[in-house]
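Colleague: I have a few questions about this model before I use it. Please take them one at a time and end each reply on the item asked for.

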Amino acid sequence: MHSSAAALAEQFDDLEQQHEASSLGMWVFLATEVMFFGGLFTAYIIFRNLYLPAFEAGSRLLDVRIGAFNTAVLLCSSLTMALAVRAAQLGKKGALITFLLLTLLLGLTFVGVKLAFEWRHDFSEGLVPGLNWTFDGPDSRHLELFFCFYFFMTGVHALHMVIGVGVLTVLINMAWRGKFSPQRYNTVEMSGLYWHFVDIIWIFLFPLLYLIGGRY
Amino acid sequence: MPGHVVPKKLYILVFAALIVLTGLTTSVAFINLGKWNTVAALVIAVCKATLVVLFFMHLRWSSNLLRIVVASSLVWLAILIGLTLSDVFTRDWTPIPSNWEAQIQQDVR
């Protein structure tokens, strides 16, 4: 009884209502994020249709193997995040910390692969608009536009990943200090919603940037 | 305890489906299907996103209020993309009236 009372903020009638309010707030925030990324996707669709050959050539310059690998890494991290929420619901502290740590490591792997393999490779190839652009083949200007989209979209996505890694660090610290219980785990679940959302953005970025460039 | 506890097995099943779909979308990209390549890529992406939202994000067990929020975010996304594209892709359907050019010349003078 005592733990339940401590888990309930005074403005709510019961834990059910508190859980519903947290979920509603998080989903509304995610709806604004849908619109944020939606603008980028819309712009990408328009310019891809305007300069189709250049955008398809740009897609083929990206490494599908790294893209697919990173997709798998993110899906793994979503699984471990879902299992972390489950561990929190059941009050299993050890499992919660383990799964949060695994999620953190997978998230860092994703960002690390992106930085160390993809972006560094693009830079050495002279495919970074503004910083190092040496491509002088046909349609160079339009290809540059493709890479602007590529870096902005994957960059904003990676920024969301880094924020997620920060959130996970706080969660691990809180879990370590025993802040969560079967009555009190909303923080873990809402952070999970954010993490899965970032995964969904990548689920769309991967085919749109890497796959639909006529690789056959 | 508020919220629904999902069996571990279901999470792993959903994860396996997501990995299979990733493999599928990647291999389909190397087969020439013409315009259908884009359609296939997007349909598979929507399937994967639906799996994540329904199971990992617990929408399958959530209240109708949360479902309305998710549905309305998709409606707004459709308005954003639909109205923007309906403008951009129809701009040259109607010719520019010939007297506009004369009007502009007159204004410049």
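Modeller: Helices and strands here are DSSP runs, with at least four residues for a helix and at least two for a strand, numbered from the N terminus. The model is a predicted one.

Colleague: With those elements in mind, where is A:Asp139 placed?

Modeller: A:Asp139 is not a glycine, yet its phi is positive, about 60°. A:Asp139 has 16 C-beta neighbours inside 10 Å and therefore counts as partly exposed. Its place in chain A is the loop between β2 (132–133) and α6 (140–176).

Colleague: B:His58 also has a positive phi. Is B:His58 buried or exposed?

Modeller: Phi of B:His58 is near 65°, in a residue other than glycine. B:His58 sits in the loop of chain B between α2 and α3 (64–88). The cut-off for burial is 20 or more other C-beta atoms within 10 Å. Because B:His58 has 21 of them, B:His58 is buried.

Colleague: Which element of chain B has the lowest mean pLDDT?

Modeller: For chain B the mean pLDDT is 92, with 99% of its residues at 70 or more. The model scores ipTM 0.92 and pTM 0.92. Among the elements of chain B, helix α1 (residues 8–28) has the highest mean, 97, and the lowest, 80, belongs to helix α4 (residues 98–108) of chain B.

Colleague: What pattern does chain A follow along its sequence?

Modeller: The C-alpha atoms of chain A fill a box of roughly 70 × 30 × 30 Å along the principal axes. Of the contacts in chain A between residues at least 6 apart in sequence, 76% join residues at least 24 apart. Chain A has seven helices and two strands. Read along the sequence, the pattern is α-α-α-α-α-β-β-α-α.

Colleague: Which helix gives the largest share of the largest nonpolar core?

Modeller: The largest nonpolar core has 67 residues, and those touching the most other members are A:Ala84, A:Ala88, A:Leu96, A:Leu100 and A:Leu209. The largest share of this core is 16 residues, from helix α7 (residues 186–211) of chain A.

Colleague: Is A:Phe99 buried or exposed?

Modeller: A:Phe99 lies in helix α5 (residues 93–124) of chain A. Beyond four places in sequence, A:Phe99 is in contact with A:Thr80, A:Leu83, A:Ala84 and A:Ala87. The C-alpha atoms of A:Phe99 and A:Ala87 are separated by 8.3 Å, with the two positions 12 residues apart along the chain. Because A:Phe99 has 24 other C-beta atoms within 10 Å, A:Phe99 is buried.

Colleague: Which element gives the most to the side of chain A that touches chain B?

Modeller: The contact takes 42 residues from chain A and 41 residues from chain B. On the chain A side, the elements giving two or more residues are α2 (15–50), α4 (64–89) and α7. That side divides into 26 nonpolar, 10 polar and six charged residues. The most, 16 residues, comes from α2(A).

Colleague: Which residues of chain B does A:Gly38 touch?

Modeller: A:Gly38 lies in helix α2 of chain A. A:Gly38 has 19 other C-beta atoms within 10 Å and is therefore partly exposed. Not counting residues up to four places away in sequence, A:Gly38 touches B:Leu77, B:Leu80 and B:Ile81.

Colleague: Are α7(A) and α2(B) roughly parallel or roughly antiparallel?

Modeller: Helix α2 of chain B spans residues 36–56, and its axis comes within 10 Å of that of α7(A), crossing at roughly 170°. Residues in the contact include A:Ile200, A:Phe204 and A:Leu211 from α7(A), and B:Leu42, B:Val52 and B:Phe56 from α2(B). By class, the contact has 11 nonpolar, one polar and two charged residues. Angles over 145 degrees count as roughly antiparallel, so α7(A) and α2(B) are roughly antiparallel.

Colleague: How many nonpolar, polar and charged residues are in the contact of α4(A) with α1(B)?

Modeller: The axes of α4(A) and α1(B) are 10 Å apart, and the packing angle is about 170°. The two helices, α4(A) and α1(B), are therefore roughly antiparallel. Among the residues that meet are A:Leu75, A:Leu79 and A:Arg86 in α4(A), and B:Lys8, B:Tyr11 and B:Phe15 in α1(B). The contact of α4(A) with α1(B) has 11 nonpolar, three polar and two charged residues.

Methods. Residues are numbered from 1 along each chain as its sequence is written. Chains are lettered from A and ligands numbered from 1 in the order in which they are written. This is a predicted model: local features need pLDDT of at least 70, side-chain atom pairs count only at pLDDT 80 or more; totals for chains, interfaces and linings use all residues. pLDDT is the predictor's confidence in each residue, from 0 to 100. A nonpolar core is a set of buried Ala, Val, Leu, Ile, Met, Phe, Trp, Tyr and Cys residues joined through C-beta atoms within 7 Å. A residue is buried if 20 or more other C-beta atoms lie within 10 Å of its own, exposed if 12 or fewer, and partly exposed in between; C-beta atoms are placed from the backbone. Two residues are in contact if their C-beta atoms, placed from the backbone, lie within 7 Å. Ala, Val, Leu, Ile, Met, Phe, Trp, Tyr, Cys and Pro count as nonpolar, Asp, Glu, Lys and Arg as charged, and the others, Gly among them, as polar. Axes are lines fitted to C-alpha atoms, for helices over the stretch in contact, and angles run from 0 to 180 degrees between N-to-C directions. Angles under 35 degrees count as roughly parallel, over 145 as roughly antiparallel, 65 to 115 as roughly perpendicular and the rest as oblique.
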